Amino acid sequence: MADRDHPLHAQVHPQHRYDQVVRSGTGKTEAGTWTGKNYQSGGPSTTQVLAVLALLPIGGSLLALAGLTLTGTVIGLTVATPVFVIFSPVLVPAAIAVTMVVLGFLSSGAFGVTGLSSLSYVFNRLRRVYSSSDEHDTEWAKRGMQDMVGYAGQKTKEAGQKTKEAGQNMENKSHEQSVRT
């Protein structure tokens with residue numbers, strides 16, 4: 001009886017209708033405005049309906065063909081099994097030989113394609129290295145020549161300046177000696 005003396009506690013959770021928007025942070029609702037998806041018209045879009053209508057016959061046709069192929073394979077295996085058992089002394093070695101020949105051709109083709117792609121990769125890599133190296137060397141040589149020409153021009157100017165100064169010094173000394181005499 002002591003359990004019945006305690007009052008019942010109910011938790012109340014706010015309910016929002018789909019046609020009302022709860023603005024984040026404010027808790028206010030506005031009826032009739034909805035910026036997101038409209039849940040009242042929850043049907044598929046026109047594009048979805050057209051996609052289903054277009055893909056349904058194609059998928060059904062492919063599923064029917066898969067069933068027919070499976071049925072034909074089972075019937076063919078049922079008919080061919082006695083023939084395989086009767087001719088197995090001839091068919092098994094022939095099947096092994098055909099399998100080995102097919103595997104030989106396939107592996108030969110795979111090795112050929114791998115070899116050609118490897119050679120092509122190496123050729124392109126070397127061509128890129130040498131072409132970029134040639135361009136790099138050419139640019140380096142051009143810069144070196146420009147630097148050398150600039151350096152030679154600077155040294156020529158300096159040498160001309162020194163020659164001019166030396167000539168002026170000699171002229172001044174000769175002028176001083178002629179004034180003394």
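Lys155 and Glu158 sit together in helix H2 (residues 88–180), 3 residues apart, which is about one turn of the helix. Their side chains meet in a salt bridge, with 3.6 Å from N to O. Please keep in mind that this is a predicted model, with a mean pLDDT of 77 over the chain. Here is a short tour, starting with that pair and moving out to the rest of the chain.

**The salt bridge**
- How many salt bridges does the structure hold? The count is 1, and the side chains of Lys155 and Glu158 make a salt bridge in helix H2.
- Lys155 has a relative accessible area of 39%, so this residue counts as partly exposed.
- Glu158 is partly exposed as well, because its relative accessible area is 34%, which falls between the 20% limit for buried and the 50% limit for exposed.

**Layout of the chain**
- The chain contains 2 helices and 2 strands, and from the N terminus on they follow the order β-β-α-α.
- Helix H1 covers residues 46–86, while helix H2 covers residues 88–180.

**Transmembrane annotation**
- An unreviewed UniProt entry places the feature "transmembrane region" at residues 49–68, 75–96 and 102–123.
- In the model, residues 49–68 are 100% helix and 0% strand, and the C-alpha atoms at the two ends of this span are 29 Å apart.
- Residues 75–96 are 95% helix and 0% strand, with 25 Å between the end C-alpha atoms.

**Surface**
- Of the 181 residues in the chain, 1% count as buried.
- The chain exposes about 16,800 Å², and 66% of that area is supplied by carbon and sulfur atoms.
- A nonpolar patch on the surface is formed by Leu55, Ile58, Leu62, Leu65 and Leu68, which together have about 540 Å² of accessible area.
- Is Leu55, one of the patch residues, buried or exposed? Leu55 counts as exposed because its relative accessibility is 57%, and the cut-off for exposed is over 50%.
- Leu55 lies in helix H1, and the UniProt span at residues 49–68 takes in this residue.

**Confidence**
- A pLDDT of 70 or more is reached by 72% of the residues in the chain.
- Which element has the highest mean pLDDT? Among the elements of the chain, helix H1 does, at 89, whereas strand S2 (residues 29–31) has the lowest, at 49.
- Over residues 22–30 the pLDDT is below 50, and this stretch has 12 contacts in the model beyond near neighbours in sequence.

Note on methods: Residues numbered from 1 in each chain as written. Predicted model: local features only at pLDDT ≥ 70, side-chain atom pairs only at ≥ 80, totals over all residues. Heavy atoms only, no water. UniProt positions renumbered as here; feature names shortened; annotations may be inferred. Helix = DSSP H or I, 4+ residues; strand = E, 2+ residues; numbered from the N terminus. pLDDT = per-residue confidence, 0-100. Contact = heavy atoms within 4.5 Å. Buried < 20%, exposed > 50% of the residue type's maximum accessible area, 1.4 Å probe, protein only. Areas by Shrake-Rupley, 256 points an atom, 1.4 Å probe, with all protein chains shown as cover. Salt bridge = Lys/Arg side-chain N within 4 Å of Asp/Glu carboxyl O. Patch = residues over 30% accessible without salt bridge, like charges linked within 9 Å, V, L, I, M, F, W, Y side chains within 5 Å.
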